[in-house]
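Biologist: Please take me through the enclosed space in this model. What lines it, and where does it lie?

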Amino acid sequence: MSDLPSDSFAARYATEGFGIAHLPYGSFSTSDSDTRLGVRIGEHVVALTDLVSRDSDLFPLVDQPNLDALLTSDRPTWDRLRADLQSVLSSAADAERIASAAHPLAEVALHMPFTVADYVDFYGNEFHAANVGRIFRPEQPPLLPNWKHLPVGYHGRAGTIVASGTDVRRPHGLRPEADGVPSYGPSRRLDIEAEMGFVLGSPVPDGRVPLSEADNHVFGLTLTNDWSARDIQAYEYVPLGPNLGKSFATSISPWITPLAALDAVRVAPPARDTPLADYLDDAAERPWSFDVTFEVVLNGDVVANPPFASTYWTAAQMLAHMTVNGASLRAGDFFAGGTISGPEKNQRGSFLELTWGGEEPVALSDGSSFTFLRDGDEVTLRAEAAAEDGSTIRFGECTGRIVESPTD
Ligand code: CA
């Protein structure tokens, strides 16, 4: 905002990526307070109850520990709240009061920002799907025949979605062996999947959310790491798809970036080369991809820069698809768009692809040679986008560290 008063709270406390044009939501607590819903400016979080008037009809929706109540509401309400927050945070008159209510991030604990209802994980990126096809099924065409006709996905485990910073225990399971008899033990091929997650709200009990309605139901976006045990996955996935190889943990950033903050980076998805069913045909719809490039950081080394805009299927198409059969949309439903990969080797969003099934190790700055995750390894996802006012939006980081699984 060019007219932001220099003595407003937002002007004084904003940092690169976390200014008035962003305002991500999160759930936080301090040593002497209950868990509350807050909004981030710079390196501070402010409880929404300190920003929204008690007389406002919005107050009951924000006097909450997390986003759950707000997600039961609707797009006009979400937009009104965001406008109110931008107004008060831009006001010089309120600056001192807000400053005294703000909490440095270093002094708060962050929690899951919403209660996950259902979780669907899609497979919407053509580069990723084709790479995995070449690695897992080298004797067949990279894409299966249905891939360009619908966004392939599976129903994931909502209860194991965890907030960034939560340690990830190496999963146990059945691993394929050369003699055809699987062995049970800790995964030897533990991997990441760099994805964008979409938080849904404004319930639709009878489902069937058309492409044109997606803006009314996608509340916000969050960086998502869909940890994957490739050996367990490879043995179990035929014929019904991923199960235990994916369900042990999925990490999300504790900060939910509002959809409205990303207007400046909405771009058209890749050109479609296959005719689509009417409910998926987005030729005449508002663009639903986002020009956002990720950083995948392993123990401090940036090992990949996956470009989200390379994803073939859009979030609007995924939402239309997952509800077209009449499946309900509930507040807190969540889906991830699939591992993001681009055409270049350094744009691959998984170690399966970066190391080509473990055959091409990646050299790290500490001198080690890397294929799959080792105990103690830490992976962080970062991403940036341009904001409408010319500033930058930094998505909240998504971090997780691998810890040894319990012995059995
Ligand atoms: Ca995934």
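Modeller: By class, seven nonpolar and three charged residues line the largest cavity, with no polar ones (nonpolar: Ala, Val, Leu, Ile, Met, Phe, Trp, Tyr, Cys, Pro; charged: Asp, Glu, Lys, Arg; polar: the others, Gly among them). This is a predicted model: local features need pLDDT of at least 70, side-chain atom pairs count only at pLDDT 80 or more, and totals for chains, interfaces and linings use all residues. Residues are numbered from 1 along each chain as its sequence is written, and side-chain values use heavy atoms, without hydrogens and water.

The whole structure holds one cavity of 30 Å³ or more (on a 1 Å grid over the protein atoms alone, points where a 1.4 Å probe fits but cannot get out). The largest cavity has a volume of about 50 Å³ (the space filled by probe spheres set on points joined across faces, edges and corners).

Its lining (residues with an atom within 4 Å of a point) is Tyr 25, Leu 70, Arg 75, Trp 78, Asp 79, Leu 81, Arg 82, Phe 219, Pro 258 and Ala 260. Helix H4, residues 75–89, gives the most to that lining, with five residues (helices are DSSP H or I runs of at least four residues, numbered from the N terminus).

Where does the largest cavity lie relative to domain 1 and domain 2? Domain 1 (9–111) and domain 2 (119–403) both give residues to its lining, so the largest cavity lies between them (bounds from an automatic or database domain assignment).

Key:
1 Å grid on protein atoms, 1.4 Å probe; cavity = no way out; pocket = protein on both sides within 12 Å on 5 of 7 lines; lining within 4 Å. Helix = DSSP H or I, 4+ residues; strand = E, 2+ residues; numbered from the N terminus.
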